[in-house]
Amino acid sequence: MLREKLYRLRKPYNSGMLKVSDLHSIYYEEVGNPNGVPILFVHGGPGSAPSESSRQFFDPKYYRAIIFHQRGAGKSIPSAEIKENTTQFLVEDIEKLRKHLKIDKWILFGGSWGSTLSLIYSINYPQYVSGLILRGIFLGRKEDDEFLYQKGSSYFFPEAFEEFKNFIPQNEQNNMIKAYSKYLNSSNLDIAYQAAYHWAKWELGLITLEPLSDIDKILEDKKSNLELARLENHYFVNHIFLEENFIMNNVDKIKDIKTIIIHGRYDMDCRPSGAYELAMKLNNCSLRIIPKSGHSSREILITKALVKACEEFKEK
């Protein structure tokens, strides 16, 4: 029987900072078996750094798990920095990390924005990708942005959207992403923190089927709020720095890579339709729509499905 529960939390056997530009250095750590199968944890956001529990999806006897913090997020420096921070830079950071760690090929394990970045890296460097485990597919299209921040999720969470919307003056509410950009990047840090709080509260309120019990505690961390909100907004106001529908237009380059897609049936952050559209274009893909689940990897059925997917790759 395949394992479906998290592994015991372990400390990294290696960690460091990789300087990827004159401005940016990214944090990385390795957990598990130094001689094991390499698997890269690609976190969401952008700007939502992985927690220690991110290490627990992977069998430490089998996997050499690499976890890194993208530019501007978590332990990477400088914090919440949008300069020199684009999708192309993040893709090249992953490739620099692969070379730095002397890895020939690896599995990419990415959720939400991490699924987006994993797909884009794979399109650019398919020869280095042995498999994909993806959760909460986000295809980075204009329609995906609008569903989350303008009209879509708002129909299901009208009272929360009202709070998110009312931080912005009424005459600017026709484009929430653009409007929030001004306040998140205000030279007045208090205003930036307020905008980040409302942005983070809106999104965190959507990601689970049942409300997060610790959402108030999470939102007390102003630094994390600002990293998440400023970086997400920076990417979405710039249409993830790629042509519209880039992933689907280039999906043929990765159609034969072994892929497992896990998506919550009631995901209000990233629509299940995107996962279905992607899966239908892949030749070697297993799509698992998870019942009674939303977007977050913290939801028990999503957690079980992710661990099970990692176990299945061991069988390969």
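**Exercises on a predicted model**

**Exercise 1.** In this predicted model, identify the buried residues of α5 and what covers them.

*Solution.* Start with the list: M176, I177, A179, Y180, S181, Y183 and L184 are the buried residues of α5. That is seven of the nine residues in the helix, which spans residues 176–184, so α5 is largely enclosed by the rest of the structure. Next, look for the cover: it includes α3 (142–149), α4 (158–166), α6 (189–204) and α8 (222–237).

**Exercise 2.** Locate the largest nonpolar core relative to the domains.

*Solution.* The core has 65 residues, and L40, W199 and L278 touch the most other members. Domain 1 (14–140 + 243–313) and domain 2 (143–240) both contribute residues, so this core lies between them. Another core, of 20 residues, lies apart from it; F58, F109, I302 and A309 are among its members.

Now take W199. Leaving aside neighbours within four places in sequence, W199 contacts Y149, F164, I177, Y180, L184, A229, E232, N233 and F236. Of these, I177, Y180 and L184 are also among the buried residues of α5.

**Exercise 3.** Explain why C270 forms no disulfide, then treat C310 likewise.

*Solution.* A search of the whole structure finds zero disulfides. A disulfide requires cysteine sulfur atoms within 2.5 Å. For C270, the closest cysteine sulfur is in C285, 16 Å away, which is too far for a bond. C310 is in no disulfide either; its nearest cysteine sulfur, again that of C285, is 15 Å away.

Finally, check burial, for which the cut-off is under 20% relative accessible area. C270, at 3% relative accessibility, counts as buried. C310 is buried as well, with a relative accessible area of 0%.

Terms used
Residues are numbered from 1 along each chain as its sequence is written. This is a predicted model: local features need pLDDT of at least 70, side-chain atom pairs count only at pLDDT 80 or more; totals for chains, interfaces and linings use all residues. Side-chain values use heavy atoms; hydrogens and water are left out. A nonpolar core is a set of buried Ala, Val, Leu, Ile, Met, Phe, Trp, Tyr and Cys residues joined through side-chain atoms within 4.5 Å. Buried means under 20% relative accessible area, exposed over 50%, partly exposed in between (1.4 Å probe, protein chains only). Domain bounds come from an automatic or database domain assignment. Contact means heavy atoms within 4.5 Å. Helices (H or I, at least four residues) and strands (E, at least two) are DSSP runs, numbered from the N terminus.
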